[in-house]
Every structure is written in C-alpha cells, then in structure tokens.
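Here is a brisk report on one chain. Keep the sequence and the 3D view open while reading.

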Amino acid sequence: TLIITGENDPVADDVDQFAIDLREAGIPTEVSIYPNTIHGFFLMTGVLDSGKRAIDQIASSLRARFGNIR
C-alpha cells in the first residue's frame, strides 16, 4: 500500500494510524509525506511541483506492482 499525504494535511494523524493498522495486519505499507503541502495537493499538478512528483510516484508504484499494462 502506498499512502501519500501532505505535511500540513488535517487528517495526518488518521493517516499515521491507518499505516500502523495496515502494518500490524501484515500489509506492506509505504508512507510518503510531502513537505509544505495540504490535503489534496496532488490534484494541483498545474501549480505545484510536489503534485506532479506525487502523481509520478503513484504511477511508478503501480508500474512496479502491475507492470506496463496497456
């Protein structure tokens, strides 16, 4: 599981707990916290470089898991 969150996300504590719960359940979990960002920052790719990087990270993670499916 890849969890991406912003450093200033108001639900950051919930994200942390969710990651703990997943790991305790034996589910491999990676958490990426993007500095100086807010909830939903990855939807702002036209304005924020961090949004573009998050989308690239998601794509890379999916490719690693599923390959280059067309």
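## Salt bridge

Asp49 and Lys52 form a salt bridge, with the closest N and O atoms 3.7 Å apart. The model is predicted. A search of the whole structure finds one salt bridge.

Both partners, Asp49 and Lys52, belong to helix α2. They are three residues apart, about one turn of the helix. Is Lys52 exposed, partly exposed or buried? Its relative accessibility is 41%, so Lys52 counts as partly exposed; the partly exposed class runs between 20% and 50%.

## Overall layout

The protein chain has two helices and two strands. Along the sequence they follow the pattern β-α-β-α. Strand β1 covers residues 2-6. Helix α1 spans 12-24. Strand β2 (30-34) and helix α2 (49-66) are joined by a loop that holds Phe42.

The C-alpha atoms fill a box of roughly 35 × 35 × 15 Å along the principal axes. Of the 70 residues, 27% count as buried. The accessible surface of the chain comes to about 5100 Å². Carbon and sulfur atoms account for 55% of that surface.

How are the contacts spread along the sequence? Take contacts between residues at least 6 apart in sequence: 60% of them join residues at least 24 apart.

## Aromatic cluster

The structure holds two aromatic pairs. Tyr34 and Phe41 make a tilted pair. Their centres are 5.1 Å apart, with 40° between the planes. Phe41 and Phe42 make an edge-to-face pair. Here the centres are 6.0 Å apart and the planes meet at 85°. Tyr34, Phe41 and Phe42 form one aromatic cluster.

Which members of the tilted pair are buried? Both Tyr34 and Phe41 are. Phe41 has a relative accessible area of 1%, and is therefore buried. Phe42 is partly exposed, because its relative accessible area is 31%.

## Nonpolar surface patch

Phe42 also belongs to a nonpolar surface patch of about 840 Å². The other contributors are Ile38, Leu43, Met44, Val47, Ile55, Ile58, Leu62 and Phe66. Patch residues need over 30% relative accessible area. At 31%, Phe42 counts as partly exposed.

Phe66, another patch member, has a charged neighbour. The charged end of Arg65 sits over the ring of Phe66, 5.5 Å from its centre.

## Buried polar residues

Thr5 lies in strand β1. Its relative accessible area is 3%, so Thr5 is buried. Leaving aside residues up to four places away in sequence, Thr5 touches Val15, Ser32, Ile33, Tyr34, Thr37 and Phe41. Two of these partners, Tyr34 and Phe41, form the tilted aromatic pair.

Gln57 sits in helix α2. At 19% relative accessibility Gln57 counts as buried, because buried means under 20%. Which residues does Gln57 touch, not counting those up to four places away in sequence? They are Leu2, Ile4, Glu30, Ser32 and Tyr34. Gln57 and Ser32 are 25 residues apart along the chain, and their C-alpha atoms are separated by 9.3 Å.

## Loop residues

Thr29 is placed in the loop between α1 and β2. Its relative accessibility is 15%, so Thr29 counts as buried. Outside the residues up to four places away in sequence, Thr29 touches Thr1, Ile3, Ala19, Leu22 and Arg23. Where does Val47 lie relative to Thr29? The two are 18 residues apart along the chain, with 28 Å between their C-alpha atoms. Val47 is one of the residues in the nonpolar patch.

Asn36 is found in the loop between β2 and α2. Asn36 has a positive phi of about 55° although it is not a glycine. Is Asn36 buried or exposed? At 67% relative accessibility, Asn36 counts as exposed.

Technical notes: Residues are numbered from 1 along each chain as its sequence is written. This is a predicted model: local features need pLDDT of at least 70, side-chain atom pairs count only at pLDDT 80 or more; totals for chains, interfaces and linings use all residues. Side-chain values use heavy atoms; hydrogens and water are left out. Patches are made of residues with over 30% relative accessible area and no salt bridge: like charges are joined within 9 Å, nonpolar side chains (Val, Leu, Ile, Met, Phe, Trp, Tyr) within 5 Å. Accessible areas come from the Shrake-Rupley method with a 1.4 Å probe; for residues, only the protein chains shown count as cover. A salt bridge is a side-chain nitrogen of Lys or Arg within 4 Å of a carboxyl oxygen of Asp or Glu. Helices (H or I, at least four residues) and strands (E, at least two) are DSSP runs, numbered from the N terminus. Buried means under 20% relative accessible area, exposed over 50%, partly exposed in between (1.4 Å probe, protein chains only). Rings of Phe, Tyr and Trp (its six-membered ring) pair if their centres lie within 6.5 Å; planes under 30 degrees apart count as stacked, over 60 as edge-to-face and the rest as tilted. A charge sits over a ring if NZ of Lys or CZ of Arg is within 6 Å of the ring centre and within 35 degrees of the ring normal. Contact means heavy atoms within 4.5 Å.
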